[in-house]
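Biologist: I am new to this structure and would like to know what stands behind the words used for it. Please show it to me first.

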Amino acid sequence: MSIMDKPAGDFVKYHRSLLDWEWYHDLPVRVLFLHLMLDVNWKPGRFEGHDIPPGSVPTSIDKLSAKSGLTRQSVRTALEKLKSTGEITIQATSRFSVVTLANWEKYQSSGKQSTRQSTQQSTG
């Protein structure tokens, strides 16, 4: 199966403005952010009795380190930087943390609704 034959939920969109993002040149922060964009739920889910909404992922420092290839300390530092600028929120439970991308829906929206609305407004 080709990558182009994958269902819509299997894709993540990145806007070119990411190149101008304040953390883009901080490699560990960029790696972790891009990893989170790929790893978060794209539809509602559940994990160990907790609802996990789209744009969120249950995880830990160790899991993020293993999956991203960053050291545990680099993950901690990157998470703190992303929290400091409102890119993510983190909700801790006794067994794991839920990391949520603050603007995930905005990042992944198709733009079809706004295009259709602007077309209707200009023709109306």
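The questions below deal with the whole protein and then with two of its helices.

Biologist: What is this model, and what elements does the protein have?

Modeller: The model is predicted. Its secondary structure comes to 5 helices and 5 strands. From the N terminus on, the order is α-β-β-β-α-α-β-β-α-α.

Biologist: How many of the 124 residues count as buried, as a percentage?

Modeller: Of the 124 residues, 29% count as buried. The accessible surface comes to about 8400 Å², and 53% of that belongs to carbon and sulfur atoms.

Biologist: Why is S65 called buried?

Modeller: Buried means under 20% relative accessible area. S65 has a relative accessible area of 13%, so S65 is buried.

Biologist: Where is S65 found, and which other residues of that helix are buried?

Modeller: S65 is found in helix α2. In α2, residues 61-68, L64 and S68 are buried along with S65.

Biologist: How do you know on which side of α2 they lie?

Modeller: They cover an arc of only 100° around the axis, and therefore sit on the same side of α2. On the other side of α2, A66 and K67 are exposed.

Biologist: What do the buried residues of α2 pack against?

Modeller: They pack against α1 (27-39), β3 (56-59) and α3 (72-84).

Biologist: What does S65 touch beyond four places away in sequence?

Modeller: S65 touches L70, T71, R72 and V75.

Biologist: What makes the pair formed by the side chain of S65 and the backbone oxygen of L70 a polar contact?

Modeller: A polar contact needs N or O atoms within 3.5 Å, one able to donate a hydrogen and the other to accept it. The side chain of S65 reaches the backbone oxygen of L70 at 2.5 Å, so the distance meets the cut-off.

Biologist: What follows α2?

Modeller: G69 follows α2, and its phi is positive, near 85°.

Biologist: How does the reach of α3 compare with the expected span?

Modeller: α3 has 13 residues, and the expected span is 1.5 Å times one less than that number, which means 18 Å. From its first C-alpha to its last, α3 reaches 18 Å, close to the expected value.

Biologist: Which residues of α3 are buried, and why are they placed on the same side?

Modeller: The buried residues of α3 are V75, A78, L79 and L82. They are placed on the same side of α3 because they cover an arc of only 100° around the axis. These residues pack against α1, α2 and β4 (88-92). Just after α3, G86 takes a positive phi of about 75°.

Conventions. Residues numbered from 1 in each chain as written. Predicted model: local features only at pLDDT ≥ 70, side-chain atom pairs only at ≥ 80, totals over all residues. Heavy atoms only, no water. Buried < 20%, exposed > 50% of the residue type's maximum accessible area, 1.4 Å probe, protein only. Helix = DSSP H or I, 4+ residues; strand = E, 2+ residues; numbered from the N terminus. Arc of directions from axis to C-beta. Contact = heavy atoms within 4.5 Å. Areas by Shrake-Rupley, 256 points an atom, 1.4 Å probe, with all protein chains shown as cover.
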